[in-house]
Structures are given as C-alpha cells and as structure tokens.
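The following exercises concern the strands of one protein chain and the way they pair. Please examine the sequence and the structure before working through each solution.

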Amino acid sequence: MKKNDEFELEIRGMTAEGSGVGHVDGMAVFAANTAVGDKILAHAIKVKKNYAVAKAMKIISPSADRVEADCPVFNRCGGCVYRHISYEAELKIKQQRVQDAFERIGGIRVKLNPIIGSENTSFYRNKAQLPVGKDRNGKTQIGFFSSRTHNIIDCDCCLLQPKEFSEIASAVRAWVDENGVSVYDEISHKGLLRHIYIRASKNCENMSVCLVINGNKLPKADALWQELEKIGVTGLSININKEKTNVVLGKEIKTLCGSEKITDTLCDTEFEISPHAFYQVNRDQAEKLYKIAADYAELNEDTTLLDMYCGVGTIGLSMAKNIKQLIGVEIVPDAVKNAEKNAARNGVKNARFICADAAKAAEELKKEGIKPDVIILDPPRKGCDGELIKTVAKMSPERVVYVSCDPATLARDCALFANLGYTVPIKNGSHMITPVDMFPKTAHVETVVSLVKLPPDDVINIELDLTKLDISINDGKPTYDQIKAYVLKKYGLKVSTLYISQIKRKYGIEVGEAYNKPKSPDSRVPNCPKEKEDAITDALKYFKMI
C-alpha cells in the first residue's frame, strides 16, 4: 500500500479515539467518521510499516448503526466522534472498550455490569473552554480545535453545551469586534484574548465567565458585563496566562464583576466551585456515578473514608453523613478552600481536608497511623502514580473504589493493585465494574470499580476422602479444592480437577499419575478452555506455585 492509494475497506472495529478499523492484506487501516459494518471507498493519507490512515471517500454500503449527523462541523471539530451512529451502538462500543482494556492491558478477564447511559445526549455540559483566534481574513474565530491540531473551527452552536454558552460566545465575539480587542496568536505570542472559560450550575441558574488573557487588564470590561448580565451570567473574571504554553489556565484569577465561583447541588449536597477546581462536566450522570461509588464503598457509621483527588469534595461529602470520618486530599489550593467551605455549608463536621500531592499525603497519613477502611481514588486521565498505589496498599484498606475517565490507565492500575493483593469482587454474577457514559457523542467513558483486599490466608473447611483421590496428603501446597474455591470466588468460574491438573502439567508441576490420562485408549480428554486456563494460572501464581 502507498499514500494516495484507493481501495475498498470493511470496518470491523473501533479505536479508543472513535476511528473505524479495517484490514487490508493483514495491515490495520484506520478511518475516521466510519461505523462498524460500513463498507467504504478508502483513500490512504498516511502509510506506515504496520498500519495506515485513510479517509472515507464514499460509503459503498452503510452500517446498520448509521444515522444522519446533526452538527454542521462534525467532520472537522475535534470534540464529538459518534454523531453519525445511534446512541445504542455508541454505548456498545464504550462497553466493549472498557472490557478490552481490562483484558488486553490489565490481563484481567471480567464480566462488566451494563453501561449506564445518559437520558440527555445533548446540551449536557456545564463547562466550556473555547479558544479564540482570527482566520486569514481577520475574522474572529470562537469554537474548538480541530482534531490533533490548534486550528480553530468556528462554531456558533455546540450541541453538547446549553444554548446560553453559545449566547455568551456570541456576546464576547461582538465585544471583541466592536471594541477592537486583540486576540492571541500562538506563533507570535502576541494578542490579548486566549480563551473563554464558562461554568454553569444546573439549568444555568448561575454562570461564571472567565476570560483567559495574555496581559493584566481587560479593556471595556463594563460594556461586556452589561451584555453578559442580560444572558444570566452571575460573574465575570480574568485569568492571567502570559506563558508560551498549551495549558489553558494560568495561576492568577481576578474577579471583575459578580463572583468567579458558581454553586451547584449534587446528590443533595451543595457545592461551591472555583474556576481552577475540578467538577464533573455532566452533573446528572455524575449523580448516578457517585451513587454507584457509594454502593461499592459499603460504608457504615464506623467507616473512615479517605478521598484522594477530592477536588471540591463532591464524592466524599456526598457520603460523609453515613460514616465516622472523612479525609480529603487535593493538590489544588482553591479546590481545598472550596471543599472546606462546602463541608461547613452542608453541616458536615466529620471532614478534614489536606492540600498536598496524593502520594505525599497518603505517606503522611500512613505515618500518622491513620488506617482508612475505604479509599476513593478519582485521578486525572493519566491514572495513579505507582508509588501511590503501593502506599494505598500498605495502608491496607478493606476496599478501594476507583473512579476513572480512562479505561486504559484504569486497567493498568487495577493490574498493579492485583499484584498487591486487591481483586475485583463479583456481585450478582458480574464483577463490580460499571461503565458510566458521562460524555455522550464523544470517545470518552467513565468507569467505577470496586477493589477488595484478599485475606492473606483463605481458610476453607473441606472434607477429603483420600482413598478416592489420586493425591497425597497436603504438604503445604494448596489442595485442588482450595484452587477451585479461589477461582470461583475471584472469577465466578467452576473448574474441574482435570483442568487444574492439565494446567499444572503445563507449568511442570507434579500431579498424580492418573490425572489428565484417558480411562481407556478410546477415551477423549477435553482440553481446558482459555478462560479457565487463565483463571487457574492466576490461582497458581497466587498460591506461589509458579
């Protein structure tokens, strides 16, 4: 295959970023804006040794999942990737993405709970970061970056955001044009206005607008404020960012009018949120997510709960009324101040918040002798630091509830926890892993997982009639029944003595002479299925036999 070649391609899978995947002569070919089941005429735009990237020139035969895209900039904007398929199909893709991550990256075979879909797939975001620029003709551009570039795609109405956000963007555009306000240019590092940063509470009852600027002052701020107030904006501030960086927000915020903070209610708890503080962008789905996390935490009045990466305290404070003590850890100072105020605002007196890096705070708490019963982890997309995971395991909580926005780093971290004695338990026939679609129409998916500490020595009462078994009395090694019990508890699988002996032989472990042999020359011995082989292998590792 060469660049600019054209060929037919059948799409049979999806990448984590939402591109379709097909194969030509054994080579993977990725094509954006395609759907599983599409047959397309593809045009190769990049060809590497082991893969190629193509553009869909024509849909020869459409997938049954296809729908008409409802956004005029869908093919150019870097936000949505699933506006061209049904929501049912999107949920299946996201469920499979989490499943694949656990099995391929974490090496953990699991049965997930069904993904929790969103009732609203449009206008659900409570936050927007809109870059501002100029096109070649000097026209003001406000919208979103094109995929993998910093080219601004001008957008008057994003279907993920409430209409008020579009009205705010239009008001800022008019103010820029009428007052000759300069906009930032990344190449020359000149110009004032870089981004429009908007946050809103439920139903936009209060909205804060923060303009990120390459300077110290905002000209004609009163004129802008007059227009924003008409839309319902309750606060206008500036964020000073003079650095040559892709990071949107600088460190300093100055309030110009109203309040730069918003207040919102989540899980019957009221929160104050500063611009720098983390807050879930889809509050309705966040409530569902936090209720699952609370169920997985299995809290009671004697529980000491440690909430790492606590932000403004949303997860921990929503659970604080049912526990003995809450300790929150967060590295952003403004978020910690919010969390302390939010505890007072909601009458929570059993909470303490620490401003520190998660790993350092966990180490300090360990030195203080604090032993949490439950630890909640809600890290950024990059996941947890390996040292933090080790420290958490050393604190020996009964369970860890892990909330993640990236299935890959989640699976990786769950594998690290597994090596330290924590496993995903099974409840009602499924592992305690639930994907939640926090970001409809985009490639992202949130997941909540329960991890429980395996006891150092499982005590299993069994009765054995050794005269009927071709094995000797246990000499310190685990019995077949112990291996069966481990596999059943962790994986929900029943395995036979025959299968265990087959896997033991595979690793050179001595077994009784009669095992894995046919009773007669004409007998056929079944081979252990891959799923059960993996589970038995894990058990042999757990019992330190391999």
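**Exercise 1.** Which residues point one way from E16, and which the other way?

*Solution.* The model is a predicted one. Begin with the extent of the strand: E16 covers residues 304-308. Next, assign the side chains: Thr304, Leu306 and Met308 point one way, while Leu305 and Asp307 point the other way. This pattern is expected, because side chains in a regular strand alternate between the two faces of the sheet. Finally, consider burial, for which the cut-off is under 20% relative accessible area. Residues on both sides of E16 are buried, and the count is 5 of 5.

**Exercise 2.** Identify the strands that pair with E16, and locate the partners of Asp307.

*Solution.* Take E17 (residues 325-330) to begin with: E16 pairs with this strand in the parallel sense over 5 bridges. Here Asp307 stands opposite Gly328. Between E16 and E17 the chain passes through helix H5 (residues 314-319), and this β-α-β crossover is right-handed. Then take E19 (residues 374-377): its pairing with E16 is also parallel, over 4 bridges. In E19, Ile376 is the bridge partner of Asp307.

**Exercise 3.** What is the strand order in the open sheet of 6 strands, and which are the edge strands?

*Solution.* The order is E1-E5-E6-E4-E3-E2, with mixed pairing. The edge strands, E1 (6-10) and E2 (13-14), each pair on one side only. For E1, the neighbour is E5 (residues 39-47); the two run antiparallel and are joined by 5 bridges. Within this pair, Glu8 of E1 stands opposite Leu41 of E5.

Conventions:
Residues are numbered from 1 along each chain as its sequence is written. This is a predicted model: local features need pLDDT of at least 70, side-chain atom pairs count only at pLDDT 80 or more; totals for chains, interfaces and linings use all residues. Side-chain values use heavy atoms; hydrogens and water are left out. Buried means under 20% relative accessible area, exposed over 50%, partly exposed in between (1.4 Å probe, protein chains only). Two strands pair if DSSP finds at least two bridges between them. A crossover is right-handed if, with the strands pointing away from the viewer, the path from the first strand over the helix to the second runs clockwise.
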